[in-house]
Amino acid sequence: MNTKNNKRRKDSQSKIERAFVELLQSNEIKNITVSDIIKMTGLNRSTFYANYIDIFDLADKTREKLETEFSNLFADYDYFNERTGALKMFTHIKENQIFYNTYFKLCYDDKHLISIYDKRRAEQEHIDSNLKYHIEFFRNGLNAIIKLWLVNGCKESPEEMAEVLKSEYRGR
């Protein structure tokens, strides 16, 4: 019986996701096929289709999983101490570059971006007029900084990147 949460099914999904992430490092998503994945994993085509509709469904589910893992990392994030929070974020990104490169490759429509923002902080700092624009500006700026840092191979230290973020955000 192939129930939703059984170990064998989870193991198969994990193998498929790992193969997909590996293929994404050197291929565009449009060039990855189910055949590529089943060759790498040794699984049957039916196993792939028992878990995913197609490659794009796999991409969406992988992206959602990465977003959840990122959110969990910052579950205890101290928004009022951007230095330590930013340092934690940039350290995690540097240690998990493949994870983040994969995530940004999966955001081919740019609708889903890694973002952290605490509306309580904005309220405390009296950023109430045009808050939705402020949040959008912050999120996109943060993602642009992260993407550029990744493209350049994370040459700067996490400490340097935390300072870049702090200087751009001007301590707000």
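User: Which residues in H6 meet which residues in H8?

Analyst: Before the list, a word of caution that this is a predicted model, in which local features are taken from residues with pLDDT of at least 70. To read a helix pair, one begins with the side chains that touch and then turns to the geometry of the axes. Here Gln97, Tyr100, Asn101 and Phe104 of H6 meet Asn143, Ile146, Lys147 and Leu150 of H8. By class, the residues of this contact of H6 with H8 are 4 nonpolar, 3 polar and 1 charged.

User: At what angle do the axes of H6 and H8 cross?

Analyst: Helix H6 covers residues 97-106 and helix H8 covers residues 131-151, and their axes, which come within 11 Å, cross at roughly 120°. Because angles from 65 to 115 degrees count as roughly perpendicular and those over 145 as roughly antiparallel, H6 is oblique to H8. The crossing of these two helices, H6 and H8, is left-handed.

User: How are H1 and H6 placed, and which residues make their contact?

Analyst: The axes of H1 and H6 are 10 Å apart and the helices pack at an angle of about 80°, so that H1 and H6 are roughly perpendicular to each other. On the H1 side the contact is made by Phe20, Val21 and Leu24, and on the H6 side by Ile98, Thr102, Lys105 and Leu106. Sorted by class, the contact of H1 with H6 has 5 nonpolar, 1 polar and 1 charged residues.

User: Turning to charged side chains, how many salt bridges does a search of the whole structure find?

Analyst: The general idea is to look for a side-chain nitrogen of Lys or Arg within 4 Å of a carboxyl oxygen of Asp or Glu. The search of the whole structure finds 4 salt bridges, including one between the side chains of lysine 7 and aspartate 11, with an N to O distance of 3.2 Å. Lysine 7 and aspartate 11 are 4 residues apart in helix H1, which spans residues 7-24, so about one helical turn separates them. Lysine 7 counts as exposed at 62% relative accessibility, while aspartate 11 is partly exposed, with a relative accessible area of 37%.

User: How far apart in helix H4 are arginine 63 and aspartate 60?

Analyst: Arginine 63 and aspartate 60 are 3 residues apart in helix H4, and are therefore separated by about one helical turn. Their side chains meet in a salt bridge at 3.8 Å, N to O. As for accessibility, arginine 63 counts as buried at 6%, whereas aspartate 60 counts as partly exposed at 27%.

User: Which residue forms a salt bridge with glutamate 17?

Analyst: Glutamate 17 forms a salt bridge with lysine 65, and the closest N and O atoms of the two are 2.8 Å apart. This pair links distant parts of the chain, since glutamate 17 belongs to helix H1 and lysine 65 to helix H4 (residues 55-73), with their positions 48 residues apart.

User: Is glutamate 17 buried or exposed, and what does it touch?

Analyst: With the cut-off for burial at under 20% relative accessible area, glutamate 17 is buried, because its relative accessible area is 15%. Its partner lysine 65 counts as partly exposed at 39% relative accessibility. Leaving aside residues up to four places away in sequence, glutamate 17 touches Tyr52, Leu58, Thr62 and Lys65.

User: Where does phenylalanine 48 lie, and which residues does it touch?

Analyst: Phenylalanine 48 lies in helix H3, residues 45-51, and is buried, with a relative accessible area of 1%. Not counting residues up to four places away in sequence, phenylalanine 48 touches Ile16, Val34, Ile37, Ile38, Asp54, Ile55 and Leu58. Along the chain, phenylalanine 48 and glutamine 13 are 35 residues apart, yet their C-alpha atoms are separated by 8.0 Å.

User: How many helices and strands does the protein have, and what share of its residues count as buried?

Analyst: The protein has 9 helices and 0 strands, and 39% of its 172 residues count as buried. To judge how much of the contact network joins distant stretches of sequence, one looks at separation along the chain: among contacts in the protein with a separation of 6 or more, 65% are accounted for by residues 24 or more positions apart.

Methods. Residues numbered from 1 in each chain as written. Heavy atoms only, no water. Buried < 20%, exposed > 50% of the residue type's maximum accessible area, 1.4 Å probe, protein only. Axes fitted to C-alpha atoms, helices over the stretch in contact; angles between N-to-C directions. Parallel < 35°, antiparallel > 145°, perpendicular 65-115°, else oblique. Left-handed = near helix turned anticlockwise from the far one by under 90°. Contact = heavy atoms within 4.5 Å. Nonpolar A, V, L, I, M, F, W, Y, C, P; charged D, E, K, R; others polar.
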